[in-house]
Amino acid sequence: MKRFYVTTPIYYINAEPHLGHTYTMVVADTLARFHRARGSETFLVTGTDEHGDKIAAMAAEHGEPPKVYADRMSPLFQQAWQDCGFVVDQFVRTTDPRHERLVQEFLQRVYDNGDIYFSRYAGLYCTGCERFLTEKELVGGNCPDHKRPPELIEEENYFFRMTRYLPAVQQHFEAHADAIFPDHYRNEVLAMLASGGIGDLCISRPKSRLEWGIELPFDRRYVCYVWFDALISYVSGLKMHGEDTFRAFWPTAHHVMAKDILKPHAIFWPSMLLALGLPLFRRLLIHGYWVRGEAKMSKSLGNVIRPLDMKRQFGIDTLRYFLLREMAFGQDASFNEDAFVARVNADLANGLGNLVSRVLSMQQRYFAGCVQPLEGDTPADRDLQAAFAQALEEVPQWTEQLAFHRALEALWRALDRANKYVVDTAPFTLARNAQNLPRVGAILHRLLECLYTTAVLLSWFLPETSQKMFSLLGLDSPGHVPSNLGWGEHFPPGHRVRPPATLFPRIDLHRDEAAAPRPR
Ligand code: ME8
């Protein structure tokens with residue numbers, strides 16, 4: 001059995017989920033659906049990161065004990081992802097006792113192996129990042145992501161002997177060219193490793209300064225550093241479903257995230273896994289930032305867009321389409337209302353929506369919905385079929401390479417051809433003469449096949465739309481990606497398709513100003 005394990009970061013609960021988190025979720029959900037369509041068993045883990053300075057400070061700001069605050073905030077994420085229709089196999093909260101026990105077990109194991117020692121330390125700590133920054137990482141004395149100076153912290157703490165594992169980590173990334181994608185992030189990590197500037201990792205906080213964390217099993221005066229705790233969620237999420245689930249899925253782990261947390265994932269995490277005697281994850285998949293204007297969308301900067309508002313106004317598939325079509329995976333992309341409206345109207349309302357409604361309404365008008373035999377084979381027919389055969393080949397290939405924008409581009413090239421085929425063959429004109437009806441029936445049958453292939457290829461990108469299309473066609477989804485078009489085989493003789501329904505209403509910002517997505 002082929003398997004595919006995909007994770008997203010477990011998000012800090014210092015504010016509500018925003019568009020950036022939603023993008024990572026859409027990518028993970030799309031990949032899981034794609035691998036399922038290709039016959040793999042899949043598992044998706046996400047969750048919330050609930051310990052540490054940042055959350056303790058936020059809870060205090062709200063006048064709540066941290067656990068009360070966490071119990072209020074974590075469900076906002078869980079509910080949002082459920083409302084968006086993402087298929088999450090395990091939502092991990094780091095305050096879950098099953099997770100806490102595993103973190104303590106792992107800490108003890110590393111301690112018993114002699115990889116944890118006690119020492120004094122002074123460093124520059126950014127609470128936004130929840131990690132110590134090196135002088136080199138600062139820009140004008142500030143954290144480049146959080147735009148504020150880190151705090152000088154000096155105290156006695158426990159350290160993970162990470163330096164012992166760095167050569168093996170370096171070797172691993174040198175030997176496995178696809179372990180970090182896109183490749184320039186692998187180069188960044190290799191440069192970090194080659195610089196020799198990475199020391200051991202401070203993995204504790206004295207309770208006298210921070211109580212909100214998992215207690216160290218070997219010293220009750222301390223709690224565990226939040227990143228050491230959080231990364232283990234990728235293992236605890238599987239183990240919550242049993243050791244067999246862990247063993248089956250772990251070697252296929254794909255961790256999806258933005259570039260902000262590359263270092264913990266590419267340096268801390270593989271070192272921890274090596275120290276624990278566990279196999280390394282399969283790949284890190286690193287995407288860029290969604291920005292508004294110049295700034296990265298972030299909870300601390302407050303320039304965020306609420307995914308559930310977007311979903312309520314435009315539907316989840318509209319949002320999925322925009323996010324996947326507009327961002328080249330690995331690069332930054334900018335969110336602006338005009339681009340959103342232009343893209344959605346051109347591609348979804350016009351390109352796909354119009355085709356569906358034209359084809360289904362002609363099928364009703366001329367044949368009461370009854371599908372006619374697929375006769376004849378003109379150059380235009382062959383052209384159309386070739387365009388969709390190419391889409392069937394290219395879309396999965398681009399998806400596999402995480403070039404979702406290219407995959408959708410390839411499918412829309414075929415849809416453009418289908419719209420052009422309608423204009424060129426003009427079935428609405430032919431139908432004026434009853435003699436032409438067999439040809440009109442054959443043209444429409446071909447167009448219904450275009451819709452069938454489109455619904456198959458949209459099943460991992462726009463699952464709701466794909467389902468709606470199958471239901472309009474009166475057919476079940478095949479549930480997998482077929483190896484060839486199979487046109488002429490999908491509609492049994494006498495089969496009726498449904499009357500058209502609007503898949504994507506046009507967005508008119510001038511008529512309905514309130515419909516525009518607004519920053520909070
Ligand atoms: O870092 N554009 O949590 P976090 C694209 N708890 N993606 C964005 C984004 C943006 N503007 N803003 C956030 C943490 N993201 C830790 C993770 S994992 C063991 C612990 C997404 O709430 C993106 O996936 O700050 C990014 O890596 C993540 O949210 C950071 O989430």
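Visitor: In strand 6, what is the bridge partner of Arg120?

Guide: Welcome! The partner of Arg120 there is Glu156. Please keep in mind that this is a predicted model.

Visitor: How do you know that strand 4 and strand 6 pair?

Guide: Two strands pair if at least two bridges are found between them. Strand 4 and strand 6 (residues 151–160) are joined by ten bridges in the antiparallel sense, so they pass the cut-off of at least two.

Visitor: What makes strand 6 and strand 8 a pair?

Guide: They have two bridges, again antiparallel, and therefore they satisfy the rule of at least two. One of the links joins Phe160 to Leu201 in strand 8.

Visitor: How do you know that strand 4 and strand 5 pair?

Guide: Strand 4 (residues 116–126) and strand 5 share three bridges in the antiparallel sense, so this pair also meets the requirement of at least two. Look for Cys126, which stands opposite Arg131 in strand 5.

Visitor: In what order do the four strands of the open sheet lie?

Guide: Their order is 5-4-6-8, with antiparallel pairing.

Visitor: Why are strand 5 and strand 8 called edge strands?

Guide: Strand 5 (131–133) and strand 8 (201–202) each pair on one side only, which means that they are the edges.

Visitor: Now to the ligand. What makes the approach of Ile10 a polar contact?

Guide: A ligand nitrogen atom is 2.8 Å from a polar backbone atom of Ile10. The limit for two N or O atoms is 3.5 Å, so this pair counts. An oxygen atom of the ligand also lies 3.0 Å from a polar backbone atom of Ala258. In the side chain of Asp260, an N or O atom is 2.8 Å from a ligand oxygen atom. Taken alone, the ligand exposes 670 Å², and the protein buries 96% of that.

Visitor: How many residues surround the ligand, and which are the closest?

Guide: There are 25, and the closest are Ile10, Thr24, Asp49, Asp260 and Trp290. By class, the shell has 14 nonpolar, seven polar and four charged residues. Strand 1 gives the largest share, four residues.

Visitor: Which domains does the protein chain have, and what makes their meeting a contact?

Guide: The domain assignment gives domain 1 (3–326) and domain 2 (349–473). The contact takes 16 residues from domain 1 and 17 residues from domain 2. These residues count because contact means heavy atoms within 4.5 Å. The centres of the two domains, taken over C-alpha atoms, are 43 Å apart.

Notes:
Residues are numbered from 1 along each chain as its sequence is written. This is a predicted model: local features need pLDDT of at least 70, side-chain atom pairs count only at pLDDT 80 or more; totals for chains, interfaces and linings use all residues. Side-chain values use heavy atoms; hydrogens and water are left out. A residue is near a molecule or strand if one of its heavy atoms lies within 4 Å of it. A polar contact is a pair of N or O atoms within 3.5 Å; within protein, one must be able to donate a hydrogen and the other to accept it, and residues adjacent in sequence count only if both atoms are side-chain atoms. Accessible areas come from the Shrake-Rupley method with a 1.4 Å probe; for residues, only the protein chains shown count as cover. Ala, Val, Leu, Ile, Met, Phe, Trp, Tyr, Cys and Pro count as nonpolar, Asp, Glu, Lys and Arg as charged, and the others, Gly among them, as polar. Domain bounds come from an automatic or database domain assignment.
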